[in-house]
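Biologist: Please take me on a close tour of one part of this model, the paired strands and what packs around them. Keep it relaxed, but give me the numbers.

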Amino acid sequence: MAAARGSTGETGSTASRTAGPAQSRVAGPAPARAPGEERALTSVAAGERYLAQEGAESKGEQPVDVPRLWHVTLSVSGEEAPLKEVRRALEQLAHDHPFLLTSRYAGDHAEIRYWEEARDLHDAAAVALRLWGEHRQTAGLPPWEIVGLEVIDRQTYHQRIAAGYGPAPATPVGVHPY
């Protein structure tokens with residue numbers, strides 16, 4: 001999910017990087033082998049990232065650089081805007097980005113909650129801080145500023161729910177007034 005939102009739209013970049021060696025192997029006919037001759041298999045040494053991830057998993061630790069889920073609460077506020085316009089804008093944002101879980105709003109502030117898939121807290125927060133500004137025009141969002149941001153990992157979110165803190169898990173998904 002995060003990869004799709006974070007992509008730059010450069011669809012040809014991967015193809016241009018991989019076309020070289022792969023194209024040369026595919027371009028000509030395969031070398032002839034005698035009947036019954038086995039094809040030699042070769043292996044590729046594991047990279048440092050793979051070895052670090054494998055080592056972390058064997059110790060029961062969180063894998064290195066593997067995307068995780070982060071619960072994001074983004075709070076925005078500003079000058080009073082008509083409730084119908086605020087609701088319509090938040091519904092458009094939710095339609096454009098179905099990852100949004102729930103939005104609450106009033107005439108001068110709103111709160112958006114959703115799950116973000118990111119490598120670490122810094123990446124999740126960076127995406128969250130861009131969300132409102134990047135979609136202000138396309139969704140018709142009010143010109144409000146971000147006044148609050150909370151990003152917590154999945155484990156912390158579930159611990160809060162179990163302890164009776166945070167939003168109830170039965171909070172309806174969608175756009176709702178305060």
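Modeller: Quick ground rule: two strands pair if DSSP finds at least two bridges between them, and helices (H or I, at least four residues) and strands (E, at least two) are DSSP runs numbered from the N terminus. This is a predicted model, where local features need pLDDT of at least 70 and side-chain atom pairs pLDDT 80 or more, while totals for chains, interfaces and linings use all residues. Numbering starts from 1 along each chain as its sequence is written, and side-chain values use heavy atoms, without hydrogens and water.

Let's start at β2, residues 100-105, which pairs with β3, residues 109-118, in the antiparallel sense over five bridges. Look for L100 in that pairing: its opposite number in β3 is Y114. Getting from β2 to β3 takes a hairpin of three residues. β2 also pairs with β5, residues 174-177, this time in the parallel sense and over four bridges. There, S103 sits opposite V175 of β5.

Now for the rings. Searching the whole structure turns up two aromatic pairs (Phe, Tyr or six-membered Trp rings with centres within 6.5 Å; planes under 30 degrees apart are stacked, over 60 edge-to-face, the rest tilted). One of them is W115 with Y157, edge-to-face at 4.9 Å centre to centre and 80° between the planes. That pair ties together distant parts of the chain, since W115 belongs to β3 and Y157 to helix α7 (residues 154-163), 42 residues apart. W115 counts as buried (under 20% relative accessible area with a 1.4 Å probe, protein chains only; exposed is over 50%, partly exposed in between) because its value is 18%. Y157 is buried too, because its relative accessibility is 12%.

W132 and W144 make up another pair, stacked, with 6.2 Å between centres and 5° between planes. Again distant parts of the chain are linked: W132 lies in helix α5 (residues 121-134) and W144 in the loop between α6 (136-139) and β4 (145-153), 12 residues apart. Both W132 and W144 are buried.

One more stop before we finish: A89, in helix α4 (residues 83-96). A89 counts as buried because its relative accessibility is 0%. Setting aside neighbours within four places in sequence, A89 is in contact (heavy atoms within 4.5 Å) with A139, G140, L141 and P142. You can also check its C-alpha against that of Q137: A89 and Q137 are 48 residues apart along the chain, yet those atoms are separated by 9.6 Å.
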